[in-house]
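Student: Could you pick one part of this structure and take me through it slowly? I'd like to see how that part sits with everything around it.

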Amino acid sequence: LPRETILFAEKPLVSLIVPFRNEGANLPNLFSSLTKQDYPNIEIILVDDQSTDKSPQIAKDFAAKHKNYKVVSVKEKPEGWTGKTWACEEGFRNSGGEWLLFTDADVEFEKTLITRALHFALSKNIEVLTLMPRILCKSFWAKLIQPIFIHVLLVLYSPLRVNDQNDPFAYIFGSFFLIQRSKYVEIGRHEVVRKSLIEDRAFGFLAKQKGQRIMMLDALD
């Protein structure tokens with residue numbers, strides 16, 4: 001992702017949607033990184049997907065102190081919905097942004113990330129932007145296995161194919177998935193992948209199939 005930070009003539013509202021389940025250990029780090037964002041027009045929608053730990057209270061306590069945060073509780077998934085797809089759908093239904101940014105609870109954002117990503121999408125007419133994260137490997141086994149896994153992933157599922165608009169192959173990273181609201185609705189929202197256990201792969205494929213300009217960038221810094 002290019003490093004330049006650009007001042008926007010207009011600053012469209014970005015709805016950042018965070019589905020979470022039992023993420024009490026990770027939410028404080030995410031919140032800390034989000035409060036440092038230099039993009040001024042963001043709403044953060046925290047979707048509790050039936051957590052059994054203290055994470056719902058952590059989210060509510062934080063939201064009570066920040067006016068641009070709200071907490072949505074998912075009670076039960078409708079029949080036919082799998083994984084976190086319903087939580088993403090509920091997040092969308094409670095959002096108002098011109099752009100939607102889906103992320104995960106165990107992610108930390110560099111302070112200029114949203115500004116840079118939105119500028120890139122707008123300046124390049126990108127309708128779906130996904131970022132490849134830098135993965136922190138803390139345990140011995142993670143340090144051993146994760147680099148191998150990532151190498152295999154990039155060989156089998158090359159970002160070059162994702163960025164080739166003539167190649168039907170595509171997928172997105174759930175850790176950073178930025179999309180225009182109108183395009184999200186046009187594709188069919190998460191409802192179209194409600195039965196998929198790997199919704200990131202399915203949604204990316206459908207987005208490209210429907211003619212959306214999708215791009216995957218390296219966000220390792």
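Tutor: Let's start at Gly 211, which follows helix H8 and has a positive phi, near 90°. Bear in mind that we're looking at a predicted model. Stepping back from that glycine, H8 itself covers residues 199-209.

Which residues of H8 are buried? They are Glu 199, Phe 203, Gly 204, Leu 206, Ala 207 and Lys 208, so charged side chains turn up in that set as well as Phe and Leu, if you go by the residue names. What do the buried residues pack against? On the helix side, their partners are helix H3 (85-93), helix H6 (159-163) and helix H7 (181-187). On the strand side, they touch strand E5 (128-133), E6 and E7.

Those three strands belong to an open sheet of seven, ordered E3-E2-E1-E4-E6-E5-E7, with mixed pairing. E7 (214-219) is an edge strand, as is E3 (69-74), and each of them pairs on one side only. From one strand to the next, the twist averages 20°. As background, strands in a sheet pair through backbone hydrogen bonds, parallel or antiparallel. Here, E6 (residues 177-180) runs antiparallel to E4 (residues 99-102), and four bridges join them. Within that pair, Leu 100 stands opposite Ile 179 in E6.

Over by E3, helix H2 (residues 55-65) lies across E1 (14-20), E2 (42-49) and E3, and it runs at about 150° to E3.

Now back to H8, and to the empty space beside it. Rolling a water-sized probe over the atoms shows where space is left. The count comes to one cavity of 30 Å³ or more, and the largest cavity holds about 60 Å³. Where does H8 come in? It gives the most to the lining of the largest cavity, with three residues. Glu 199, Asp 200 and Phe 203 are on the lining list, and Glu 199 and Phe 203 are also among the buried residues of H8. The rest of the lining is Lys 84, Cys 88, Phe 102, Ile 172, Gly 174, Phe 177 and His 190.

One last stop, away from H8, is Thr 115 in helix H4 (residues 113-123). With a relative accessible area of 4%, Thr 115 falls under the 20% cut-off and therefore counts as buried. The side chain of Thr 115 reaches the backbone nitrogen of Tyr 39 at 3.5 Å.

Conventions:
Residues are numbered from 1 along each chain as its sequence is written. This is a predicted model: local features need pLDDT of at least 70, side-chain atom pairs count only at pLDDT 80 or more; totals for chains, interfaces and linings use all residues. Side-chain values use heavy atoms; hydrogens and water are left out. Helices (H or I, at least four residues) and strands (E, at least two) are DSSP runs, numbered from the N terminus. Buried means under 20% relative accessible area, exposed over 50%, partly exposed in between (1.4 Å probe, protein chains only). A polar contact is a pair of N or O atoms within 3.5 Å; within protein, one must be able to donate a hydrogen and the other to accept it, and residues adjacent in sequence count only if both atoms are side-chain atoms. Two strands pair if DSSP finds at least two bridges between them. Axes are lines fitted to C-alpha atoms, for helices over the stretch in contact, and angles run from 0 to 180 degrees between N-to-C directions. Contact means heavy atoms within 4.5 Å. On a 1 Å grid over the protein atoms alone, a cavity is a set of points where a 1.4 Å probe fits but cannot get out, and a pocket is an open set with protein on both sides within 12 Å along at least five of seven lines; lining residues have an atom within 4 Å of a point. Grid points are joined across faces, edges and corners, and a volume is the space filled by probe spheres set on the points.
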